[in-house]
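Welcome! Here is a friendly briefing for anyone meeting this structure for the first time. Please keep the view open as you read.

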Amino acid sequence: MTDVADIPPGDGQRTDPNALRDAEGHLNSLWIDRLRTHLAAGEDAEIVDMMAPLHVSDTGDVLEALEAGERVHLVTMLGDRFDYSALTEVDDTIRADILQELSNEQVARGVSALDSDDAVQILEDIDAPAREEILAQMPAFERLSLKRSLDFPEESAGRRMQTEFIAIPPFWTVGQTIDYLRSEQDLPDEFFQIYVVDPSYSLLGTLPLDKFLRARRQVRIEDIMNKTLFEVEAGEDQEEAARMFERYDLVELAVVDENKRLVGVLTVDDMVDVIHEEASEDIRLLAGVGDEELSDNVWSAVRSRSSWLVVNLVTAVLASIVIGLFDATIEQMVALAVLMPIVASMGGNAGTQTMTITVRALALRELDPHRIGRLVLREMSVGLVNGVLFALLIGIVTAVRFNNLSLGIVIGMAMIVNMVAAGTAGILIPLALNRLKIDPAIASSTFVTAITDVIGFFAFLGLAGLWFGLF
């Protein structure tokens, strides 16, 4: 007999309790409940059986689905069988909470088994004293390598790079290189190309594996290596490195220090994460929510949002002051109070559209001096055309609704003025903030909305007062 509880809403099939995910790709609540039962009972063998087949990304999703105490309990019960790279797949808040509950010895054992880029991502969230204690328990070479990466600025290529790579001299043959790769034990788990360096580790060229494997054993490396170099300095922002991956269709990129010596590599899987993080950051900043994550508690969310809500409150007060200047006009024609939000709202939406296009172009560095002038003219023209179209629409509706042709003309004129202002503000404000070294994704929305509200109210009420002689 089928248990109704086992059938999710809208699904005609029983959910397999042994499947981690349902048909839509969401975590299976039956699977999670079974894991919780084993955790509560302390059944180590059953927990290992459930967790062993999971990819680290799935393990990260499982950790996020559990409660705080259950997460630490799971990590502790798995012991050395827990892959700490799963901690790079969870929200920063959850990772910090888990690490805080684990001993430094546990973290040191777990991190020492990771690639350097994953290890750095975990260690950078730990307080400096505890981090030093963890590093002290690791082998000397790994400790020095991780310390060097941690010395680079946050969100830089040096922080993201992997220090495990394969470097060979140019005078080796393909056969010598193959023999080296077969005999060497300490190689990266995965790699896509070989780096050719001189004795000082200056990069001379790269050799993709597909080209390398097709060459004969006696061919010298310098004869088949790619001499066109793509490299990024370790101190460069990770977003710039991501742009290079996108621009040149790379799968791996060399990272060099200030002396142009090879110190690490960036791989495409890390750059996918960077692109995702940067896009998510811009979206959050446009909405004024800072670095808020789904796992944050109430007070963290309040702190993240309140600062820009205060700014919005100030701009809203400014708009209300403009309305207050025309209180006598509104008293004489109540229809104005009904109609004026339409003008401000349309201008705000139009300004947000233009602002979004501009902020994206700035983030991708698509705007150069030649394009800026054309884009400003285009957005002003778009605002004018949209203004005329919607002016005709709202003008006709207003004239019919209130049986007042003059009122329809006034709101149409105000619509045109505000739509042109919205298009202009939507591009000029982000450009001005960018010129002032202020992130346009953070502040643009507030200022664009303030300008469209003020101009919209002022244009509509001012034109109404002049047209009807209400002053």
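What follows is a short tour of helices, charged residues and loops.

The model is a predicted one. The tour begins with helix packing, moves on to charged side chains, and ends with two residues that have unusual backbone angles.

**How helices pack**

- Helix α1 covers residues 29-41 and helix α2 covers residues 44-51; their axes lie 8 Å apart and make an angle of about 150°.
- The two helices, α1 and α2, are therefore roughly antiparallel, since an angle over 145 degrees counts as such.
- Where α1 passes α2, the crossing is left-handed.
- On the α1 side, the residues that take part are Trp 31, Arg 34, Leu 35, His 38 and Leu 39, and they meet Glu 46, Ile 47, Met 50 and Met 51 of α2.
- Further along, helix α6 (residues 104-112) has buried residues at Asn 104, Val 107, Ala 108, Gly 110 and Val 111.
- The cover over those buried residues of α6 includes α5 (92-101), α7 (116-123) and α8 (128-136).
- An α-helix has 3.6 residues a turn, so residues three or four places apart point the same way.

**Salt bridges**

- Side chains of opposite charge can pair when their charged atoms come close.
- How many salt bridges does the structure hold? There are 18 salt bridges in the structure.
- One of them joins Arg 159 to Glu 124, with 2.6 Å between the closest N and O atoms.
- This pair links distant parts of the chain, 35 residues apart: Arg 159 sits in helix α10 (residues 157-160), while Glu 124 sits in the loop between α7 and α8.
- Arg 159 is buried, at 14% relative accessible area, whereas Glu 124 is partly exposed, at 30%.
- Arg 220 and Glu 222 also form a salt bridge, and their closest N and O atoms are 2.5 Å apart.
- Both ends of that bridge are partly exposed: Arg 220 has a relative accessible area of 34%, and Glu 222 has 29%.
- Lys 260 and Glu 233 meet through their side chains in a salt bridge of 3.2 Å, N to O.
- Lys 260 is in the loop between β5 and β6 and Glu 233 is in strand β4 (residues 231-233), so this bridge ties together parts 27 residues apart in sequence.
- Glu 233 is partly exposed, with a relative accessible area of 37%.
- Arg 21, Asp 58 and Asp 61 are joined into one network by salt bridges that share partners.

**Two buried charged residues**

- Arg 71 belongs to helix α4 (residues 68-78).
- Does Arg 71 count as buried or exposed? Arg 71 is buried and has no salt bridge, and the nearest side chain of opposite charge, that of Asp 97, is 5.0 Å away.
- That distance explains the missing bridge, because a salt bridge needs the paired atoms within 4 Å.
- Beyond its neighbours within four places in sequence, Arg 71 is in contact with Leu 63, Glu 64, Leu 66, Ile 94 and Ile 98.
- Glu 240, in helix α14, is buried as well, at 14% relative accessible area.
- Setting aside neighbours within four places in sequence, Glu 240 is in contact with Arg 247 and Arg 365.

**Positive phi angles**

- Most residues other than glycine have a negative phi.
- Asp 249 has a positive phi, near 55°, and is found in the loop between α14 (238-248) and β5 (252-256).
- Asp 249 counts as exposed, at 67% relative accessibility.
- Lys 260, already met in a salt bridge with Glu 233, has a positive phi of about 65° although it is not a glycine.
- Lys 260 is partly exposed, with a relative accessible area of 39%.

Note on methods
Residues are numbered from 1 along each chain as its sequence is written. This is a predicted model: local features need pLDDT of at least 70, side-chain atom pairs count only at pLDDT 80 or more; totals for chains, interfaces and linings use all residues. Side-chain values use heavy atoms; hydrogens and water are left out. Helices (H or I, at least four residues) and strands (E, at least two) are DSSP runs, numbered from the N terminus. Buried means under 20% relative accessible area, exposed over 50%, partly exposed in between (1.4 Å probe, protein chains only). Lys and Arg count as positive and Asp and Glu as negative; His and the chain ends are not counted. Contact means heavy atoms within 4.5 Å. Axes are lines fitted to C-alpha atoms, for helices over the stretch in contact, and angles run from 0 to 180 degrees between N-to-C directions. Angles under 35 degrees count as roughly parallel, over 145 as roughly antiparallel, 65 to 115 as roughly perpendicular and the rest as oblique. A crossing is left-handed if the near helix is turned anticlockwise from the far one by less than a right angle, and right-handed if clockwise.
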